[in-house]
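Visitor: Please take a close look at one part of this structure for me, the largest pocket. Then set it among the other spaces and the packing around them.

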Amino acid sequence: MKFNWKKLAIGTMSAAMALAAFPFGAVKVATAQEAKLVISGGGLTDYLKANIKDFEEKNNVKVEISDNTDMFGMLDALALDGPAGNGADVYIAPNDRVGALAKAGHLSEVKLLDDAKYDDKDKQGVSIDGKVYGAPSVIESIIMYYNKDLLKEAPKSFDDLMALSKDDKYKFEGEEGKNVAFLGQLTNFYYSYGVLSGYGGYVFGKNGTDPKDIGLNNDKSVEAINYISDWYKNVWPKGMLDVKSSYDFLKQSFIDGKTAAVIAGPWEAKAFKDAKVNLGAAKLPSLPGGNEYKPFAGGKAWVISEYSENKELAQKFLDWASSEEQQNKLYKGFGEVPANHVAREAAAKDGNEITKAVIDTFANAVPMPNIPEMAEVWPGAENLIFDAASGNKSAKEAADAAVELIKQAIEQKHGE
């Protein structure tokens, strides 16, 4: 086929004329319009879809929101998807995953928005080795729920709960002397840690950064384990020791009006309301001696993939998502408690008991260690309370055994 040089010359000349017809700024805008940011929003996907147009218009960019809402699955896949060019630019991640992902080289450092007024606790949850790898978006904490038809006000202390548990109105049929006025799944380390921490125990030393210093079997932790064990041995029915079924029993007993107060997460509010419980919520009650119950401070943060080719634009998204305006929309439209302190203070005054309970409890909460070694704590501490509460071991023996398991796992998997 004969090549038509004349057509080529005309086409080239036309292209040159087209470029000359527009100022360089217009060419840049056209290029910017072609930019694309891919975001994996997990449970915040609906919020993104409802609000992302604002970010697109302000930054002249097209955002692609992943339809995969499996937050953990997407983060697990980052190690392979990122290098292959198939991953997102931005992910939502729970605070305890941020450190491990950053340590493995999968996350980029980020800057925090000054106007968000994040405090040291917020920053600790998204930092490792003195570097920041996430912009806090949501805070989470377990709280106390109570039935307003059974109680005029929320119990303020565990002493109040113990007194309530002597009321025969809440006695458990079939087991002499056992009572279900108050229930908490304290065989689960996630829930029991607040008691250990409140007494003076801890997971890792140096604010959760030293895996060689494990404080789950110090004298204060042992004292706390003994206190928890007393509830199982002297107050609660035997079924509460069943790790698999006790939480379902707790929920159903509360829904049925047999239990006046329970410890659970904000995620249970819908189920309780749907069951027509006259629901009240408050911060977790204080422990014997006046110490605060100090559970893990949970939350989610926006992070940037180290493999992203749009890091500057991704940082702009983090700033946008961290703004007071967007944090207010996240709360008012989707019920997530904002990490931005200005928006958080406004939410605390909103009149929502559950929101205020989360914020008040979070104030006493302890940032969950986000170093990779934290992954070995969960299986290692799995039977900590059960072994002591069942009488299989003393509190000290149960604590020592759990710590030894954690140390062995850390040494095997992390070489420490």
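Guide: What follows starts at the largest pocket and works outward. Keep in mind that this is a predicted model.

The largest pocket has a volume of about 760 Å³. Its lining counts 29 residues. Closest to the centre are Glu 140, Pro 266, Trp 267, Lys 300 and Glu 336. By class, the lining holds 16 nonpolar, six polar and seven charged residues.

Several elements build this wall. Strand E13 gives the most, with four residues. At least two residues each come from helix H4 (71–84), helix H5 (95–103), strand E6, helix H12 (269–274), E13, helix H14 (324–334) and helix H16 (353–364). Two domains take part: domain 1 (35–140 + 297–367) and domain 2 (143–294 + 372–414) each supply at least three residues of the lining of the largest pocket.

The second largest pocket has a volume of about 300 Å³. It is lined by 19 residues, and Ser 127, Ile 128, Asp 129, Thr 209 and Ile 371 are the closest to its centre. Two or more lining residues come from strand E4 (127–128) and from helix H9 (205–208). H9 gives the most, with three. The class count here is seven nonpolar, seven polar and five charged. Domain 1 and domain 2 each provide at least three residues of this lining as well.

Now the enclosed space. A search of the whole structure finds one cavity of 30 Å³ or more. About 90 Å³ of space lies in the largest cavity. Its lining has 14 residues, with Asn 95, Lys 121, Asp 122, Gly 125 and Phe 362 closest to the centre. Eight of the lining residues are nonpolar, three are polar and three are charged. Helix H6 (120–124), strand E6 (135–140) and strand E13 (296–304) each supply at least two of them. E6 and E13 also appear among the elements with at least two residues in the lining of the largest pocket.

Next, the packing. The largest nonpolar core has 128 residues. Within this core, Tyr 145, Leu 216, Trp 302 and Phe 317 touch the most other members. The core takes at least three residues from each of domain 1 and domain 2. In soluble globular proteins, nonpolar side chains tend to be buried together.

Helix H8 (residues 189–199) is mostly covered, with 10 of its 11 residues buried. Among the buried ones are Phe 189, Tyr 191, Tyr 193, Val 195, Leu 196 and Tyr 199. Ser 192, Gly 194, Ser 197 and Gly 198 are buried too. At the start of H8, a side-chain oxygen of Asn 188 comes within 2.9 Å of the backbone nitrogen of Tyr 190. Just after the helix, Gly 200 takes a positive phi of about 125 degrees.

One last site is Ser 229, placed in helix H10 (residues 219–234). Its relative accessible area is 3%, so Ser 229 falls under the 20% cut-off and counts as buried. The side chain of Ser 229 reaches the backbone oxygen of Ile 225 at 2.8 Å.

To return to the starting point: the lining of the largest pocket draws on both domain 1 and domain 2, and Glu 140 and Lys 300 are among the residues closest to its centre.

Notes
Residues are numbered from 1 along each chain as its sequence is written. This is a predicted model: local features need pLDDT of at least 70, side-chain atom pairs count only at pLDDT 80 or more; totals for chains, interfaces and linings use all residues. Side-chain values use heavy atoms; hydrogens and water are left out. A nonpolar core is a set of buried Ala, Val, Leu, Ile, Met, Phe, Trp, Tyr and Cys residues joined through side-chain atoms within 4.5 Å. Buried means under 20% relative accessible area, exposed over 50%, partly exposed in between (1.4 Å probe, protein chains only). Domain bounds come from an automatic or database domain assignment. On a 1 Å grid over the protein atoms alone, a cavity is a set of points where a 1.4 Å probe fits but cannot get out, and a pocket is an open set with protein on both sides within 12 Å along at least five of seven lines; lining residues have an atom within 4 Å of a point. Grid points are joined across faces, edges and corners, and a volume is the space filled by probe spheres set on the points. Ala, Val, Leu, Ile, Met, Phe, Trp, Tyr, Cys and Pro count as nonpolar, Asp, Glu, Lys and Arg as charged, and the others, Gly among them, as polar. A polar contact is a pair of N or O atoms within 3.5 Å; within protein, one must be able to donate a hydrogen and the other to accept it, and residues adjacent in sequence count only if both atoms are side-chain atoms.
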